[in-house]
Amino acid sequence: MPPFTQDGTVLRYDDRGPADGGVVVLIHGHPFNRTLWDPQADAVAAAGYRVLTPDLRGYGESGVTPGQVPLSRFADDVAALLDTLGIGSAVVGGVSMGGQIAMEFHLRYPDRTRALVLSDTSAPAETAEGKRLRNRLAVRLLAEGMGGYADEVIDKMLARYNVAALPDVAARVLGMMQVTDPRGAAAALRGRAERPDYRDSLAGAKVPALVVVGADDVYTPVSDSEEIVKLMPDSVLRVIDGAGHLPGVEQPELFNTVLLDFLRDRCPTG
């Protein structure tokens, strides 16, 4: 698809499915790109939905905004993509940082949020220790690049057992991390360190939500997702066995089943 420009930065995205289908936006996490969602985007588009998967600024083929990029700017980029395509509202989903961007989008644009899909993410503001860790990591990535970091976290991004059991998946995830621009990753880390608490806005949500988590996620364990479901008045939790932090790539068929069941039940297209 042709890119669009927001605040002087070129942003790229994929647009799948029928133009008149219900719109679903899927937002990747850190430090990945839009291809992370390929298994879901293909399946959801085949079911009759229009699926948008953007490369966040600083990731994939989108331009880099150095320094600090807050989650609010990522959310505004999603809104700008919808504006560019003449779309009023959408189901907005994301994994990890992408889930927090989806929560930020809902906070800023509640009337444009048809439903939420929150995968392997957490709602509270960053802790003081978390801020220090993210800012130190930003400095490290700028100095060293992505390679060492990617090697260190692959068995946390995926369930440890899947690194060996699913070598093609591990290689794909590792490759995405390795090619990410360190400047983009560092800017997002600095911005994410300052994220707000989304619990109040989720508690007041008037839209349905699907909350998904890998059973063996060590970054955002099942308890984080259970907290979100307790907060949201119209939400459902689905735990994906045999997966860690990225169940959409570790167990794509299981993930697609729960996602499509939710969309058909709560957000039918047409």
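In the predicted model, a network of salt bridges links Asp7, Arg57, Arg73 and Asp77. A search of the whole structure finds 25 salt bridges. Three further pairs are described here, together with the places in the chain that they join.

Arginine 34 forms a salt bridge with aspartate 14, and the closest N and O atoms of this pair are 3.1 Å apart. Because arginine 34 lies in the loop between β4 and α1 (38-46) and aspartate 14 in strand β3 (residues 13-16), the pair ties together parts that are 20 residues apart in sequence. Arginine 34 has a relative accessibility of 11% and therefore counts as buried. Aspartate 14, with a relative accessible area of 19%, is buried; the cut-off for this class is under 20%.

A salt bridge is also formed by the side chains of arginine 195 and glutamate 126, with an N to O distance of 3.0 Å. Arginine 195 is located in the loop between α8 (182-192) and α9 (199-203), and glutamate 126 in the loop between β7 (113-119) and α4 (128-144), so this salt bridge ties together parts that are 69 residues apart in sequence. The relative accessible area of arginine 195 is 8%, so this residue is buried. Glutamate 126 counts as buried because its relative accessibility is 14%.

In the third pair, the side chains of glutamate 227 and arginine 199 meet at 3.4 Å, N to O. Distant parts of the chain are linked by this pair: glutamate 227 belongs to helix α10 (residues 222-231) and arginine 199 to helix α9, 28 residues apart. Glutamate 227 has a relative accessibility of 29% and so counts as partly exposed. Arginine 199, at 31% relative accessibility, also counts as partly exposed.

The loop between β7 and α4, which holds glutamate 126, also contains serine 122. Serine 122 counts as buried because its relative accessibility is 11%. When residues up to four places away in sequence are not counted, serine 122 touches Gln100, Met103, Arg195, Thr220, Asp224 and Ile228. One of these contacts, Arg195, is the salt-bridge partner of glutamate 126.

Arginine 195 is also in contact with leucine 71, a residue of helix α2. The relative accessible area of leucine 71 is 2%, so this residue is buried. With neighbours within four places in sequence left aside, leucine 71 is in contact with Met97, Gln100, Ile101, Glu104, Arg192, Arg195 and Tyr198. Leucine 71 and proline 196 are 125 residues apart in sequence, but their C-alpha atoms are 9.1 Å apart in space.

Leucine 71 also takes part in the packing of two helices. Helix α2 (residues 71-84) and helix α3 (residues 97-108) have axes that come within 8 Å and cross at roughly 70°. This angle makes α2 roughly perpendicular to α3, because the class covers angles of 65 to 115 degrees. On the α2 side, the contact is made by Leu71, Ser72, Phe74, Ala75, Asp76, Val78, Ala79 and Leu82, and on the α3 side by Met97, Gln100, Ile101, Glu104, Phe105 and Arg108. Sorted by class, the residues of this contact are nine nonpolar, two polar and three charged.

A second helix pair consists of α5 (residues 147-157) and α7 (residues 167-179), which pack at an angle of about 135° with their axes 10 Å apart. The angle makes α5 oblique to α7. The crossing of these helices is right-handed. Helix α5 contributes Ala150, Asp151, Val153, Ile154 and Met157 to the contact, and helix α7 contributes Ala170, Val173, Leu174, Met177 and Gln178. By class, the contact of α5 with α7 has eight nonpolar residues, one polar residue and one charged residue.

Among the strands, β4 (residues 23-27) contains valine 24. Valine 24 has a relative accessibility of 1% and therefore counts as buried. Apart from neighbours within four places in sequence, its contacts are Val44, Tyr49, Arg50, Val51, Leu52, Val91 and Leu263. The C-alpha atoms of valine 24 and leucine 52 are separated by 6.2 Å, although the two residues are 28 residues apart along the chain.

Note on methods. Residues numbered from 1 in each chain as written. Predicted model: local features only at pLDDT ≥ 70, side-chain atom pairs only at ≥ 80, totals over all residues. Heavy atoms only, no water. Axes fitted to C-alpha atoms, helices over the stretch in contact; angles between N-to-C directions. Helix = DSSP H or I, 4+ residues; strand = E, 2+ residues; numbered from the N terminus. Parallel < 35°, antiparallel > 145°, perpendicular 65-115°, else oblique. Left-handed = near helix turned anticlockwise from the far one by under 90°. Contact = heavy atoms within 4.5 Å. Nonpolar A, V, L, I, M, F, W, Y, C, P; charged D, E, K, R; others polar. Buried < 20%, exposed > 50% of the residue type's maximum accessible area, 1.4 Å probe, protein only. Salt bridge = Lys/Arg side-chain N within 4 Å of Asp/Glu carboxyl O.
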